[in-house]
Amino acid sequence: MNKYHHLYDQLIQHTNKENVLINEPIREHTYTKLGGAADFYITPSSYEEVQAIIRFANQENVPFTMLGNGSNLIVKDGGIRGIVMNLQQLASIWREGDKVISQSGARIIDASRFALEEKLTGLEFACGIPGSVGGALYMNAGAYGGEIKDALESTVVVTKDGELLTLTAEQLDLSYRTSNIPDNGYIVLEATFALKAGSKEEIKEIMDDLTYKRESKQPLEYPSCGSVFKRPPGFFAGKLIQDSNLQGHQIGGAQVSTKHAGFIVNKNNATASEYISLIQFVQATVKEKFAVQLEREVRIIGEDAEE
């Protein structure tokens, strides 16, 4: 049992008992299939429960970590102490005029597909992004020339003190793969996308084309965190890695994809430490060969396994 187990009875006063898992393996909830256990893994079913749990964590001085759907994340082998919260139960998507409003636990892919069904254009670029809506705002996710800041109008967040705020897209300082959400400790609950009426056939054609490009180029047959590195100014990360002859390079069960050099795949039951070691090896090799420092796009959280 973890060091916070004595708080369980108090925790379940703030959400249903079935929403609180103890010592839950995080690898079950990440795209890389890596990571140790969370002391508490909580999936609240209302905004009020989110606020109550954050206030409880503050009051009891319990570490608190927000987990999206684990697509752009590596959790270390020692797992995560305290409370890990996932908003998968808050996943409703609806329309108001030419706006699509989505709760943060929905997948951004599903928001994109909903817009298609409603004949609204502006979210086509997101049809292959694997993250949650909350995660997409967190890192201003983008693909194929579009990014969240192009479509986002406003968001509802919870502050680290448990207060609700409505913010405009401008207030999030969205730029290439970043926002001020992590710095401010915000938790995204809801996003409003301002879209335009369009032709369903044309929207679908764009999405089908982007889906084909993604599926033909990306190694979707193995667990991975998606694109590992940000695009360095004037270069492409994948090309630099390819030109460093690193495709197929393996540390333990982690491998630089032979299909797309910008991806590292969990080919054979890799540990998080093997995966991270391979990321660092790629960074060091590219720096040595091309004097370019590759910056990680993927987040690494949690604790190392005890020796």
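**Exercise 1. Find the residues that Glu 297 touches in this predicted model, leaving aside residues up to four places away in sequence, and decide whether Glu 297 is buried or exposed.**

Solution. Begin with the position in the chain: Glu 297 belongs to the loop between helix H9 (272-290) and strand E19 (299-301). Next, list the contacts, which are Asn 72, Met 139, Tyr 176, Arg 177, Ser 227, Val 228, Phe 229 and Lys 230, once residues up to four places away in sequence are left out. Finally, take the accessibility: Glu 297 has a relative accessibility of 14% and therefore counts as buried, since the limit for that class is under 20%.

**Exercise 2. Determine where UniProt places the feature "active site", and examine how the positions are arranged in space.**

Solution. The UniProt record, an unreviewed entry, places this feature at Arg 177, Ser 227 and Glu 297. Although these positions span 121 residues in sequence, no two of their C-alpha atoms are more than 11.5 Å apart, so they gather at one spot. Turning to Ser 227, one finds this residue in strand E15 (residues 224-227), where its relative accessible area of 30% makes it partly exposed. Its contacts, again without residues up to four places away in sequence, are Asn 72, Gly 262, Phe 263 and Glu 297.

**Exercise 3. Describe the surroundings of Ser 244, including what its side chain reaches.**

Solution. Locate Ser 244 in the loop between helix H8 (237-243) and strand E16 (250-251). With a relative accessible area of 4%, Ser 244 is buried. Its side chain reaches the backbone oxygen of Leu 240 at 2.8 Å, and, not counting residues up to four places away in sequence, Ser 244 touches Thr 285, Val 286, Lys 289 and Phe 290.

**Exercise 4. Work out which strands pair with E7, and in which sense.**

Solution. Take strand E6 (residues 93-96) as one partner: E6 and E7 run antiparallel and are joined by 4 bridges, with Glu 96 standing opposite Lys 99. The two strands form a hairpin with 2 residues between them, and in the turn Gly 97 has a positive phi of about 60°. Then consider strand E13 (residues 187-194), which pairs with E7 in the antiparallel sense over 5 bridges; here Gln 103 of E7 stands opposite Glu 190. As for covering, 4 of the 5 residues of E7 (residues 99-103) are buried.

**Exercise 5. State how many salt bridges the structure holds, and analyse some of them by position and accessibility.**

Solution. The structure holds 16 salt bridges. One of them joins Arg 81 and Asp 39, whose closest N and O atoms are 3.2 Å apart. Because Arg 81 lies in strand E5 (residues 80-86) and Asp 39 in strand E2 (residues 37-42), the pair ties together parts that are 42 residues apart in sequence. Arg 81 is partly exposed at 24% relative accessible area, whereas Asp 39 counts as buried at 3%.

A further salt bridge connects Asp 110 with Arg 113, at 3.7 Å between the closest N and O atoms; both residues lie in helix H3 (residues 108-117), 3 residues apart, which is about one turn of the helix.

Then there is the salt bridge of Glu 295 with Lys 230, at 3.1 Å from N to O. This pair links distant parts of the chain, 65 residues apart: Glu 295 sits in the loop between H9 and E19, and Lys 230 in the loop between E15 and H8. Glu 295 is partly exposed, with a relative accessible area of 47%, while Lys 230 is buried, at 15%. As a last step, note that salt bridges with shared partners join Asp 39, Arg 81 and Glu 303 into one network.

Note on methods
Residues numbered from 1 in each chain as written. Predicted model: local features only at pLDDT ≥ 70, side-chain atom pairs only at ≥ 80, totals over all residues. Heavy atoms only, no water. Buried < 20%, exposed > 50% of the residue type's maximum accessible area, 1.4 Å probe, protein only. Pairing = 2+ DSSP bridges. UniProt positions renumbered as here; feature names shortened; annotations may be inferred. Contact = heavy atoms within 4.5 Å. Polar contact = N/O pair within 3.5 Å; in protein donor to acceptor, adjacent residues only side chain to side chain. Salt bridge = Lys/Arg side-chain N within 4 Å of Asp/Glu carboxyl O.
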